[in-house]
Amino acid sequence: MMLRSIKSLATSPSSHILRRGYASEAVPDRKVAVLGAAGGIGQPLALLMKLNPLVSSLALYDIANTPGVAADVSHINTRSEVSGYSGEAELGKALEGADVVIIPAGVPRKPGMTRDDLFNINAGIVKGLCQAIAKYCPHALVNMISNPVNSTVPIAAEVFKKAGTYDPKRLFGVTTLDVVRAKTFYAGKAKVPVAEVNVPVVGGHAGITILPLFSQATPKANLSDAEITALTKRTQDGGTEVVEAKAGKGSATLSMAYAGAIFADACLKGLNGAPDVVECSYVQSTITELPFFASKISLMKKGSLLCEGSLMLCTFIRCSTLVRLGKNGVEEVLGLGPLSDYEKEGLEKLKPELQSSIEKGIKFANQ
């Protein structure tokens, strides 16, 4: 776990850190680029990635104010060397040689805004950044945080297709925050240690498209239908809860940075050959008839993209799913598993909205 890595980093000699989890083998050099590093998510995310012992080079990019963030973070006595880049003229330098690119760039949500309200601004930002990724680091694993993720991931896919660099195993919508919230809320209601909780979250990354599968949660708890419904609603509205609590002063930046760092850590472990790295992510799959969908994916060693599921009505699907990660990105997209009647109903309800968001992103990218 990344936080265990951080603890090791703070308390152990660097020689131990570089070997952590890999016996006597040195940890490979890995460059991580954060695009939007001076923003509300980008700054704490930059800090967390600086604390990750798997990162050897940390490139921080934004349109302005990046040198200060880079200077601040660079003083932390951890393995990675930090470089700051500002403005479009320096974007290529930030991206060259990157193994993982994390994109939190864009404007945050404000009270009364939906993720779709962010679309026109953030879609253009994402499109431009992905064009640069296709040029300077076409083989990097791309972690999309910029909202609305349901649309920005399809935008990225279309940009990469046009550039001839698209690899569905290397493009991820980061839905980890939905999982983090589901675990936290479930643990509180079930009165179990949160560190022991596992809850898969599938679908998309906005409102009703977020579908936590509490029927598959562990440890098992005897929760009522009303409690499951309330937990589902709170998980779906988690972002709004934070926006309203901050009273117009910001959105879910700190928890999103934490979730982004957790997923990036999983990608780095997969690239380095760690076994059985499984996370939920919004990727191309054949789990449902939608072209993008979030579920479990497996990230470990080399392998082709596999997908389990029976609802193959389109040529490809994107959704939030469980994935296994590996040296080439997604090794395997895992199935949804058994669903309760309530979850089956939720799955059917989310499909039209998710499909609409996907189509919106594809249309924008092809304008």
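No disulfides are counted in this predicted model. A disulfide is a covalent bond between the sulfur atoms of two cysteines. For Cys-130, the closest cysteine sulfur is that of Cys-137, at 9.8 Å; because a pair must lie within 2.5 Å to be counted, this separation is too far for a bond. Cys-130 is buried, at a relative accessible area of 0%. Cys-280 is likewise buried, with a value of 5%.

With respect to internal space, one cavity of 30 Å³ or more is found. The largest cavity encloses about 70 Å³. Its lining is made up of Ile-133, Pro-138, Ala-140, Val-142, Phe-160, Thr-165, Asp-167, Arg-170 and Leu-171. By residue class, this lining comprises six nonpolar residues, one polar residue and two charged residues.

Two strand pairings were examined. Strand E2, spanning residues 57-62, runs parallel to strand E3, residues 81-86, and six bridges connect the pair. Within this pairing, Leu-58 has Val-82 of E3 as its bridge partner. Helix H4, residues 66-74, joins E2 and E3 in a β-α-β unit of right-handed sense. The second pairing is antiparallel and involves strand E10, residues 292-299, and strand E13, with two bridges between them. Here Ser-298 is placed opposite Glu-332 of E13. Strand E13 covers residues 329-333 and is mostly covered, with five of its five residues buried. In a regular strand the side chains alternate between the two faces of the sheet.

Two pairs of residues separated in sequence were compared in space. Pro-28 occupies the loop between helix H2 (14-17) and strand E1 (31-35), and its relative accessible area of 31% makes Pro-28 partly exposed. The C-alpha atom of Pro-28 lies 8.2 Å from that of Ser-56, at a sequence separation of 28 residues. Ser-356 belongs to helix H12, residues 341-365, and is also partly exposed, with 44% relative accessibility. Between Ser-356 and Ser-151 the C-alpha distance is 8.8 Å, although 205 residues separate the two along the chain.

The backbone geometry was then considered. Most residues other than glycine have a negative phi, and most peptide bonds are trans. A cis peptide bond is present between Asn-147 and Pro-148, where omega is about 0°. Pro-148 falls in the loop between strand E5 (141-144) and helix H7 (149-163). Another cis bond links Thr-218 to Pro-219, with omega near -5°. The loop that contains Pro-219 runs between strand E8 (210-212) and helix H9 (225-236).

Positive phi values occur at Lys-191 and at Asp-276. Lys-191, which is not a glycine, has a phi of about 60°. This residue sits in the loop between helix H8 (176-190) and strand E7 (201-203), and Lys-191 is exposed, at 73% relative accessibility. For Asp-276, also a residue other than glycine, phi is near 55°. Asp-276 is located in the loop between helix H11 (254-271) and strand E9 (277-283). With a relative accessible area of 56%, Asp-276 is exposed.

Definitions and conventions: Residues are numbered from 1 along each chain as its sequence is written. This is a predicted model: local features need pLDDT of at least 70, side-chain atom pairs count only at pLDDT 80 or more; totals for chains, interfaces and linings use all residues. Side-chain values use heavy atoms; hydrogens and water are left out. Buried means under 20% relative accessible area, exposed over 50%, partly exposed in between (1.4 Å probe, protein chains only). On a 1 Å grid over the protein atoms alone, a cavity is a set of points where a 1.4 Å probe fits but cannot get out, and a pocket is an open set with protein on both sides within 12 Å along at least five of seven lines; lining residues have an atom within 4 Å of a point. Grid points are joined across faces, edges and corners, and a volume is the space filled by probe spheres set on the points. Ala, Val, Leu, Ile, Met, Phe, Trp, Tyr, Cys and Pro count as nonpolar, Asp, Glu, Lys and Arg as charged, and the others, Gly among them, as polar. Two strands pair if DSSP finds at least two bridges between them. Helices (H or I, at least four residues) and strands (E, at least two) are DSSP runs, numbered from the N terminus. A crossover is right-handed if, with the strands pointing away from the viewer, the path from the first strand over the helix to the second runs clockwise.
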